[in-house]
Amino acid sequence: MTPQNDLDLKGNFHTHPFAELLTEISAAKLAGSLRIERGDQKMIVYLDDGAVIYAVSNARKFRLSEILGAENAAVKEFLTKAPAFPNDLEFANALKERSVLNDEQVKAGFTKQAEAIIGEALGWPDAEWTFSPLSRLKSGMRSEPKIEQLLAAHARNLSHNAISFRFMSMHEMFEIKLTAPDVVLEPDEAFILSRLTETPTTIADIIKMTGLVESEAMKVLYTLWLAGAVVRREWNAAFSDFRVAKIRTANLKLTKSATEVAKPKAPEPVAPAPVVKEVPEVVVEDISLADYLERVEKAETHYDILGLPFDVKLPEVRQTYFTLAKLFHPDKFHRDVPATLRRIENAFSKLAQAHDALRDPGKRTAYDNKVRREMTDRKNKPDEPLKVEVQGNQLHAERAGQEFEHGRNLLVDGEYDEALPFLARAVHLAPTMASYHAFYGKALSFVENGRHKAEGEMQAAVKLEPNNTTYRFMLAEFFFDLKSMKRAEGELNRLLAIAPDHKEARALLDSLRLK
């Protein structure tokens with residue numbers, strides 16, 4: 001096993017599912033190994049230029065001999081006479097040496113093996129993973145599993161509720177890829193894809209353009225993304241732009257070093273590594289409350305509020321905002337004197353406004369242009385300071401959105417108790433937002449003595465958006481978990497009256513009727 005280094009990245013499927021990891025690695029065209037552990041079950045998936053080239057598992061059913069022996073009589077007969085082989089590669093070589101199978105047949109066997117292993121891992125809700133860019137497959141064997149087709153099928157089988165948890169907000173953006181996916185698209189998928197361009201478009205705008213309900217649009221977009229048809233932006237990626245650039249640079253140096261050692265002939269010119277401007281990480285943990293308040297109150301731009309340079313990358317904007325919001329949230333200082341608390345609340349509002357303006361590329365460009373114009377005017381009027389406009393109703397809406405994002409992220413991570421206060425504040429600040437009520441209710445359903453209030457919040461979401469199938473399905477699942485089968489059945493029937501083709505609702509209703 002390759003020793004861990006600072007290029008390795010670790011995580012779990014709960015935060016970053018296997019399907020999303022494969023999609024990210026493919027988009028970044030990375031090479032290396034993805035090691036997966038779930039109890040006693042272990043897998044390794046090898047990748048090159050973003051493509052899966054080999055997969056291995058410690059489960060007996062995924063051995064090459066088991067896969068080929070089950071479908072090929074010649075292989076089955078060979079296994080009765082041959083000795084045990086220490087690994088799949090030696091078994092494959094023996095099959096070719098004794099003319100049991102040819103190269104193409106063996107390669108097809110490795111492809112089926114990889115598809116079977118990946119299909120298994122896609123169904124795991126929880127597992128630990130480690131991506132090692134310096135751990136490579138030594139053998140020349142390369143399988144060619146149809147990853148995009150596997151991922152598209154996986155997304156189509158997920159429930160609307162499960163997919164809703166994979167989105168941070170309606171501000172995530174999608175744009176079309178120039179290359180066509182190797183997947184046959186369903187009508188809704190082809191329809192949405194036809195409406196996308198190379199300009200990033202938010203989920204909210206896509207819903208307006210297509211007329212689809214939120215849950216359906218999210219499922220289609222998620223499927224198109226996993227199928228390799230679209231690019232996804234402004235989401236919770238496992239691989240930051242900086243990490244991808246660092247891995248590519250390290251891989252290039254590794255490849256160049258290996259070439260220089262071998263020297264079989266004059267080396268081909270190696271393209272220089274892309275120049276990556278490293279943005280220094282801002283250590284905001286060391287800032288005091290007094291310094292933070294002074295900085296925000298004196299700030300002339302949103303960048304000054306966050307303490308970041310104008311050329312900061314989007315991931316650093318998000319990271320800095322969440323760190324500052326966690327450190328200086330008004331609820332942590334509720335016992336302070338009223339004057340100080342008001343300063344903290346005003347600072348938090350400005351912080352939320354700064355994050356909202358800079359996290360979206362379109363908004364950020366408009367804001368940057370505005371600041372440049374104001375700076376030009378300021379040269380002519382040096383005594384006139386720049387103003388940060390904060391309006392009451394807009395401020396409440398923006399803060400509610402930030403509270404909701406905090407709470408929803410905690411909910412996705414299984415931190416139900418921690419998610420509750422954030423989601424509760426979102427509901428309080430924006431009581432007409434159905435999604436805030438729905439996810440607040442979802443969080444309450446996991447908390448002891450919170451189920452009665454959970455139903456009230458979910459019912460409020462349904463009342464605000466009666467045609468939203470996601471909220472109705474959440475309510476039906478809630479009744480199902482309470483073993484209130486008649487109420488679950490009634491809610492499912494109402495949902496199916498709105499969306500007769502809702503597969504998850506139909507399946508759950510059928511299971512109720514079998515009980």
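This briefing covers a sheet, several helices, two nonpolar cores and a few single residues. The model is predicted. Its largest nonpolar core has 55 residues. An open sheet of 3 strands runs in the order β7-β6-β8. Helix α10 packs on that sheet and gives the most residues to the largest core.

**The three-stranded sheet**

- The strands of the open sheet are ordered β7-β6-β8, and their pairing is antiparallel.
- β7 (201-202) and β8 (230-233) are the edge strands; each has a single partner, so one side of each has no neighbour in the sheet.
- Helix α10, residues 214-226, packs on the sheet and touches both β6 and β8. The direction of α10 makes about 110 degrees with that of β8.
- β6 spans residues 173-176 and pairs with β8 over 4 bridges, in the antiparallel sense.
- Two pairs of residues show how β6 and β8 line up. I176 has V230 of β8 as its bridge partner, and F174 stands opposite R232 in β8.
- On the other side of the pairing scheme, β6 and β7 are antiparallel and share 2 bridges. Here M173 stands opposite T202 of β7.
- As a general point, strands of a sheet pair through backbone hydrogen bonds, either parallel or antiparallel.

**The nonpolar cores**

- Within the largest core of 55 residues, those with the most contacts are F18, L34, I36, F131, F174 and F239.
- α10 is the top contributor to this core, with 8 residues.
- Apart from the largest core lies another, of 39 residues. Its members include A400, V427, L495 and L509.
- F131 touches residues from separate parts of the sequence, leaving out those up to four places away. Among them are L7, L9, I25, L34, L47, F239 and I247.
- F174 links two topics: F174 is among the residues with the most contacts inside the largest core, and F174 faces R232 of β8 in the sheet.

**Helix α1 and the residue after it**

- Of the 11 residues of α1, 9 are buried, so the helix is largely enclosed by the rest of the structure.
- The buried residues are F18, A19, E20, L21, L22, T23, E24, I25 and A28.
- One of them, F18, is also among the residues with the most contacts in the largest core. Another, I25, is touched by F131.
- K29 follows α1, and its phi is positive, near 55 degrees. K29 is not a glycine.
- K29 sits in the loop between α1 (18-28) and β2 (32-38). Its relative accessibility is 52%, so K29 counts as exposed.

**Helix α9**

- α9 covers residues 203-210, and its buried residues are I203, I206, I207 and T210.
- Seen down the helix axis, these buried residues fall within an arc of 100 degrees, so they line one face of α9.
- The cover over these residues includes β6, α8 (187-195), β7 and α10.
- G211 comes after α9 and has a positive phi, near 80 degrees.

**E234, beyond the edge of the sheet**

- E234 lies in the loop between β8 and α11 (241-262).
- The phi of E234 is positive, about 60 degrees, although E234 is not a glycine.
- In general, most residues other than glycine have a negative phi.
- E234 is buried, with a relative accessible area of 16%.

**Helices α13 and α14**

- L306 belongs to helix α13, residues 302-306. L306 is buried, at 0% relative accessible area.
- Leaving aside neighbours within four places in sequence, L306 is in contact with R295, V317, T320, Y321, L324, L351, A354 and L358.
- L306 and Y321 are 15 residues apart in sequence, and their C-alpha atoms are 6.8 Å apart.
- T320, one of the contacts of L306, is found in helix α14, residues 314-327.
- T320 counts as buried at 6% relative accessibility.
- A polar atom in the side chain of T320 lies 2.8 Å from the backbone oxygen of E316.

Terms used: Residues numbered from 1 in each chain as written. Predicted model: local features only at pLDDT ≥ 70, side-chain atom pairs only at ≥ 80, totals over all residues. Heavy atoms only, no water. Pairing = 2+ DSSP bridges. Contact = heavy atoms within 4.5 Å. Axes fitted to C-alpha atoms, helices over the stretch in contact; angles between N-to-C directions. Buried < 20%, exposed > 50% of the residue type's maximum accessible area, 1.4 Å probe, protein only. Polar contact = N/O pair within 3.5 Å; in protein donor to acceptor, adjacent residues only side chain to side chain. Core = buried A, V, L, I, M, F, W, Y, C linked by side-chain atoms within 4.5 Å. Arc of directions from axis to C-beta.
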